[in-house]
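User: I'd like a close look at one part of this model, and I'd rather have the numbers than adjectives. Take your time and walk me through it.

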Amino acid sequence: MSHPHPTLGPPPRLPAGGLRVIPLGGLGEIGRNMTVFEHDGKLLIVDCGVLFPEEHQPGVDVILPDFTAIRDRLDDVVAVVLTHGHEDHIGGVPYLLRERADIPVVGSRLTLAFLDGKLKEHGIKPRKVQVKEGDRRSFGPFDCEFVAVNHSIPDGLAVALRTAAGLVLHTGDFKMDQFPLDERITDLRAFARLGEEGVDLFLTDSTNAEVPGFTTSERDLVPAIEQVFRTAPRRVIVSSFASHVHRIQQVLDAAHEHGRKVAFVGRSMVRNMGIARDLGYLKVPQGLVVDTKALDKLAEKKVALVCTGSQGEPMAALSRMANRDHMIRIGKGDTVLLASSLIPGNENAIYRVINGLTRWGANVVHKGNAKVHVSGHASAGELVYCYNIVRPRHVMPVHGEWRHLQANGDLAVRTGVDRDNVLLAEDGVVVDLVDGRASITGKVPAGYVYVDGMTVGGATEASLKDRRNLAEEGVITVVAIVDADTGALVEPPDFLARGFVHSEDTFAGVVPVIEKTLAKAAEEGVGDAVQLEQLIVRSVGNWAFRTYRRRPMIIPVIIDA
């Protein structure tokens with residue numbers, strides 16, 4: 001297996017007729033998926049998503065792929081192809097279009113509809129190209145064929161790219177549910193046909209490569225969801241991803257069957273379900289969905305709510321209900337159904353919400369105690385089927401953390417792909433397909449780009465380190481009035497502390513330290529304010545650590561008297 005090499009340099013010039021693959025996100029993390037294909041001087045981008053921040057990235061809204069590698073070549077981009085409408089695949093598109101607004105955006109009907117709402121918020125009118133499975137379109141030198149795949153959002157597509165360099169098949173996110181609600185299954189006949197033609201490079205979804213067997217069918221959740229609606233004594237509150245149309249369809253069907261009216265709560269839920277309903281992806285029986293205001297007039301056992309916040313997000317509806325900060329007051333006898341996964345990293349937030357809801361008397365049904373969630377990604381059994389059907393020459397696992405990519409590579413090898421033909425890359429690692437051989441040839445920058453309020457890329461690792469330091473250690477501002485001639489303190493310094501535990505006399509011990517520092521500076525002829533400030537930072541910092549085992553941020557203010 002080709003492992004990435006920490007010493008990789010920039011890639012050489014792409015040989016004539018070759019195809020270059022540059023993953024800028026999604027390899028090494030689950031999120032911000034973006035892959036750039038280069039051939040014949042043109043670029044095609046597949047997906048452009050966001051990654052959600054973790055606790056060690058305070059204040060960050062979302063994380064984008066790094067466009068540095070293509071920024072001076074944006075005019076060469078012939079299209080951005082979107083495989084499906086999840087945030088980790090479309091969330092970065094507005095930021096890409098800010099840099100060049102007229103890049104054609106290619107996707108299925110629902111994907112483009114979900115993207116539209118996003119672009120409206122950014123005031124961008126995109127050039128849209130709507131495609132469906134079975135379509136073949138050329139964008140520059142890339143001949144693209146679109147193949148139906150089943151996922152946890154309708155209208156997902158895999159994309160086959162034909163160029164003079166060979167045939168590449170990118171699965172997007174997929175699973176192989178044989179009985180999906182919309183009866184639109186992953187088109188394995190197309191995969192087989194492409195396999196017959198000869199797939200030179202197969203990019204496959206690795207998210208569930210470690211999970212043995214097969215992903216359960218969405219329809220297998222019916223009994224558990226149905227049971228909740230049948231047995232709940234009062235209201236039913238369901239939380240799910242705002243894009244999981246099929247899961248919400250099952251909830252609507254169960255509510256309808258048991259005579260409950262449904263209201264959508266949460267901006268993204270209302271918007272997405274409105275879109276899905278208008279386009280016919282969500283089938284809503286007449287009169288089933290009502291406005292939240294109408295709920296007060298109904299008996300509690302005739303009510304169901306569908307809301308956002310299944311990942312414990314602090315501002316979403318469910319967390320606010322758990323904190324009693326929402327107009328919907330959870331009480332004894334209410335049933336809350338979390339019909340979603342625990343995304344790695346969100347467990348504590350989700351359990352906090354479950355505990356909060358339970359404390360108010362709710363019965364919380366979640367994937368830990370009932371069969372109310374299935375994954376949207378293919379497990380190992382399904383991936384192996386795909387390798388055996390496609391029989392690719394080279395495999396490049398995508399969409400996963402390091403362990404997922406490794407597990408997916410191992411599966412490919414077990415089906416007979418040569419170990420040397422499995423390319424384990426990570427963000428920024430360049431793979432070239434030349435004369436039918438794929439190999440790792442270099443590395444381009446692919447760091448995290450932080451969106452922080454209105455700034456993009458302004459927050460750096462250094463500023464996040466400062467934020468973490470402020471959060472954990474606090475800050476002390478030292479205001480010292482210094483005699484310009486002697487360099488001595490004119491009066492005792494003032495201390496302003498935030499987040500640093502202190503009392504009246506906390507800082508008494510540091511005054512002699514500052515006096516000594518200033519005296520030594522005067523002796524050595526240091527009179528420059530910037531140098532004095534650095535000396536004070538060092539001496540006060542050392543004092544704080546010696547005395548309190550704390551490393552607060554020190555901000556010195558020196559005023560000449």
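Let's start with F507: is it buried or exposed, and at what relative accessibility?

Analyst: F507 is buried, at 8% relative accessibility; the cut-offs are under 20% relative accessible area for buried, over 50% for exposed and partly exposed in between, with a 1.4 Å probe and protein chains only. Before going further, keep in mind that this is a predicted model, where local features need pLDDT of at least 70 and side-chain atom pairs count only at pLDDT 80 or more, while totals for chains, interfaces and linings use all residues. Numbering starts from 1 along each chain as its sequence is written, and side-chain values use heavy atoms, leaving out hydrogens and water.

Now, what sits around F507? Rings of Phe, Tyr and Trp (for Trp, the six-membered ring) pair if their centres lie within 6.5 Å; planes under 30 degrees apart are called stacked, over 60 edge-to-face, and the rest tilted. By that rule there are 10 aromatic pairs. In one of them, F495 and F507 have ring centres 4.7 Å apart and planes at 15°, so they count as stacked. F495 belongs to strand β24, F507 to the loop between β24 and α14 (511-523), so to speak 12 residues further along, and the pair links distant parts of the chain. F495 is buried too, at 19% relative accessibility.

F507 has a second ring partner in W543: this pair is tilted, at 6.1 Å centre to centre and 40° between the planes. W543 comes from helix α15 (residues 529-548), so this pair ties together parts 36 residues apart in sequence. With a relative accessible area of 4%, W543 is buried. Put F500 and Y548 with F495, F507 and W543 and you have one aromatic cluster.

Follow F495 back to its strand and you reach a sheet. Helices (H or I, at least four residues) and strands (E, at least two) are DSSP runs, numbered from the N terminus, and two strands pair if DSSP finds at least two bridges between them. Here three strands make an open sheet with mixed pairing, in the order β24-β23-β25. β24 (494-498) and β25 (553-560) are at the edges with a single partner strand each, so one side of each has no neighbour in the sheet. On average, neighbouring strands are turned by 15° against each other, direction ignored; axes are lines fitted to C-alpha atoms (for helices over the stretch in contact), and angles run from 0 to 180 degrees between N-to-C directions. Strand β23 (residues 475-482) runs parallel to β25, joined by eight bridges. I481, for example, has I559 in β25 as its bridge partner.

For contrast with those edge strands, look at β12 (residues 201-205). Five of its five residues are buried, so this strand is largely enclosed by the rest of the structure. In a regular strand, side chains alternate between the two faces of the sheet. In β12 both faces are covered, with L201, L203 and D205 buried on one side and F202 and T204 buried on the other. β12 pairs in the parallel sense with β11 (residues 166-170) over three bridges, including V168 to L201. β12 also pairs in the parallel sense with β18 (residues 394-398) over five bridges, with V398 as the bridge partner of D205.
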